[in-house]
Amino acid sequence: MVLSNKGLLLAALLATTAPAFAQARELVFNTDASDPAPKAAFEQLIADFEAEYPDITVKVNIFDHEGYKTAIRNFLTADAPDLANWYAGNRMAPFVAANQFMDVSDVWEENGLNDSLHSAASAMTIDGKQWGVPYTYYQWGIYYNKDVYAKVGVEPADNWEDFLANCQKFKDAGIDCVTTGSKALWPIAGIFDYMSLRTNGYDWHMQLTRGEIPWTDDKVKAVFAEWEKLLPYTSPNHAAIDWQDAVSNIVQGKAANYVMGNFAVAPFLDGGMTEENLGFMPFPTINADIPRAEEAPTDTVHIPAGAKNPEDAKLFLAFLARPDVQTKMNQTLGQLPINAESSVGDDPYLQAGFDLLSTADGGIAQFFDRDASPEMAKVGMEGFQEFMVRPERLDGILERLERTRQRAAR
Amino acid sequence: MTALPDIHPPKARPRRRRSSLTPWLFLAPGLLMFAVYVLIPIFQSVWVSFHDWDGLGPMKWIGLANYSELWWDDAFYTSLKNNVLWLALYLLAVPLGLLIAVFLNQTVKGIRIYKSLFFFPFVISQVVVGLIFSWFYAPGFGLFYVLIEWLSGTGVAILADERYVTYGIIAAGLWPQIAYCMILYLTGLNAVAPDQIEAARLDGAKGWRMLWHVVLPQLRPATFIAVVVTVIGALRSFDLVSIMTSGGPFGSSRVLSYYMYEQALSEYGYRMGYGAAIAVVLFAIMMIFITGFIWKMWRDERGL
């Protein structure tokens, strides 16, 4: 009796463990979704995926958003997950070149993603193949304090001359026309990108960031000449502060405009602004003959080459690309879905961004540090910061950037 | 142990062999760790510095190209200059630590509290020190900024100005380092022979002369350790630079260790070879000091 009891117990144990072995379909997902909104969005996404594919379990490793950028190089080579977050454009090029990302062109082909994800297709394509699936992007532009505009008595400008004229009025009133925080460098790359896109256009800008145009070119100098006009109206000490500190300059009415991405809306609203006094406008036109291009960085999910379960990972990518999934996810993220059949949340800034991007005839740039090579990005953004503080050193800065470009091209 | 009778006196020869083997056996774990984590990586770094390598793909031999690029690299010279500044100014921690130690070396009620308050900055993490000083310098609300604004009319954002930024960071670094030197000297002062002080006092030595001729010579071991620790601390200054400025504005507060990290390991760093070349240069500079220190210790051991 005792023996048979034990036997039963053993059988019961085996019965419970055996299916677990049979359905050992596990996906390991390394993600940088450490901020509250992305974290919630990914938790929801994974719960939905597991509900749809009950025999697959997804194991998530959440990394700190900044730390992830360096950690990814270690885990891709040492202990590759099945799925990993990253960014589109040139930012994924080192991993593609080193054969660390899997070619997922078949997922694109089978699910018709070339049509539904068309707007981001070029940013996901290297050597004619697709290397991941984009799930969200967000617009850049100018966020401004309507109360400050009303106080000084000016209207938002859509062209460069009027914008600079407004800036003079803000300056006379003791208000910084444009604020930014360049301690982490990247916020000013947004300003450079818009200067470049508006002065010389999308195609030229992409050639420049791809390293096909010398930085000592006269057209580059034209970009900086326009930028120099803005410098007297830009917050001093921007090099000492983070982008969040510059948000409070706008909230407190010490500054009028902020060239930023849509993720800044949350801190603006947290700081006490409302939809009543937080405005959004596109970056003003500098050269009217150039079709308007915009900046919209895309976030992506990839399958590392060392993935242990690539088949299910591809199922996950196909799921992530679906219009209903992207709609739901981006509502939580507060960003724009890539899939053309998805719908956008009714948030006014998202609606504005959607209109802005869907009418950008010039093209959509990723962002300086995603369009340019990593090496060029770092040296470039440092150069922009030095230019903003010491515009008289421009020639030396451009020579330095050119040296970096030539070395990177080798 | 020596009191116990030796029942089996071993023969002379095996004992000598064993006694020559035993120290090595005891050293083996330490030597192994030292080799795996220090010696071998040094040679690996030198090896990597001759290559072009992004840390992912294959390594490409490029000979001395990384070093010749360093030779023409402005950012490298900025870092080198900052390292020299660090070295020179960081050593101020030694005399300042001595000053505070002498000041605190008295028997007043509650002196232990004052001592621990002065020691406090060394106890808190460098990261916290960096954050405190960043806020101290912060434009707009920082105490230092407001003070300068009040005195001169215009505030100076120390960490955004390439002229002052390195000094600002060194000042933050000095704060805990002075405390460290102070504690070294305080323990040293405990060991100063009171009879010599007494004798010097009878001979009429006071103040400076007493300090210079009687007390300081007895503090030589403490001074040696303080200098060694400070020099090495200055050369590996990394955490404060990283926390306070990330090397900015536009790279003007970088030091060699931070530049190495940026090139090899940071967000945009995909140049292991170049980073390794910087590490080798930093290692060479450190070797100058380390050799000096070891040479001095070796001389002292031999009683020269």
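This is a walk through a two-chain model, from overall confidence to domains, the chain contact and a few local details. Keep in mind that the model is predicted.

Let us begin with the confidence scores. For the complex, the predictor gives an ipTM of 0.76 and a pTM of 0.81. Chain A has a mean pLDDT of 87, with 94% of its residues at 70 or more. Chain B also averages 87, and 94% of its residues score at least 70. Within chain A, the lowest mean pLDDT among the elements, 46, belongs to helix α1 (residues 2-22), while the highest, 94, belongs to helix α12 (residues 218-230). Please read the start of chain A with care: the pLDDT is below 50 over residues 7-22, and this stretch has 0 contacts in the model beyond near neighbours in sequence.

Next come the domains. In chain A, domain 1 covers 20-137 + 298-363 and domain 2 covers 140-295 + 373-409. Taken over C-alpha atoms, the centres of these two domains of chain A are 29 Å apart. Where they touch, domain 1 of chain A contributes 14 residues and domain 2 of chain A contributes 17. On the domain 1 side, helix α17 (residues 348-358) of chain A gives the most, with 6 residues. That side of domain 1 of chain A is made up of 7 nonpolar, 6 polar and 1 charged residues. Turning to chain B, its domain 1 spans 10-38 and its domain 2 spans 67-303. The centres of these two domains of chain B, again over C-alpha atoms, are separated by 38 Å.

How do the chains meet? In the contact between them, 22 residues of chain A touch 21 residues of chain B. On the chain A side, the elements that give two or more residues are α3 (65-78), α4 (93-97) and α19 (374-389) of chain A. Of these, α19(A) supplies the largest share, 8 residues. By type, the chain A side of this contact holds 9 nonpolar, 5 polar and 8 charged residues.

Now for the interior. The largest nonpolar core has 178 residues, and the members that touch the most others are A:Y143, A:L317, B:C181, B:M182, B:Y185 and B:I278. The largest share of this core, 14 residues, comes from α8(B). As a general point, nonpolar side chains tend to be buried together in soluble globular proteins. One of the core residues just named, B:Y185, touches B:G97, B:L98, B:A101, B:L219 and B:A222, leaving aside residues up to four places away in sequence.

Helix α4 of chain B is a good place to look more closely. Its buried residues are B:A93, B:V94, B:G97, B:L98, B:I100, B:A101 and B:L104. Among the elements that cover them are α3 (74-90), α5 (111-123), α8 (165-190) and α11 (220-235) of chain B. The geometry of helix α4 (residues 93-104) of chain B also agrees with expectation, because its 12 residues should span 16 Å at 1.5 Å a residue, and its end C-alpha atoms are 16 Å apart.

Finally, here is a residue in a contrasting setting. A:Q244 sits in helix α13 (residues 243-251) of chain A. Is A:Q244 buried or exposed? A:Q244 is exposed, because 12 other C-beta atoms lie within 10 Å, and a residue counts as exposed at 12 or fewer. From A:Q244 to A:K254 there are 10 residues in sequence and 14 Å in space, C-alpha to C-alpha.

Terms used
Residues are numbered from 1 along each chain as its sequence is written. Chains are lettered from A and ligands numbered from 1 in the order in which they are written. This is a predicted model: local features need pLDDT of at least 70, side-chain atom pairs count only at pLDDT 80 or more; totals for chains, interfaces and linings use all residues. Two residues are in contact if their C-beta atoms, placed from the backbone, lie within 7 Å. Helices (H or I, at least four residues) and strands (E, at least two) are DSSP runs, numbered from the N terminus. Ala, Val, Leu, Ile, Met, Phe, Trp, Tyr, Cys and Pro count as nonpolar, Asp, Glu, Lys and Arg as charged, and the others, Gly among them, as polar. Domain bounds come from an automatic or database domain assignment. A residue is buried if 20 or more other C-beta atoms lie within 10 Å of its own, exposed if 12 or fewer, and partly exposed in between; C-beta atoms are placed from the backbone. pLDDT is the predictor's confidence in each residue, from 0 to 100. The expected span of a helix is 1.5 Å times one less than its number of residues. A nonpolar core is a set of buried Ala, Val, Leu, Ile, Met, Phe, Trp, Tyr and Cys residues joined through C-beta atoms within 7 Å.
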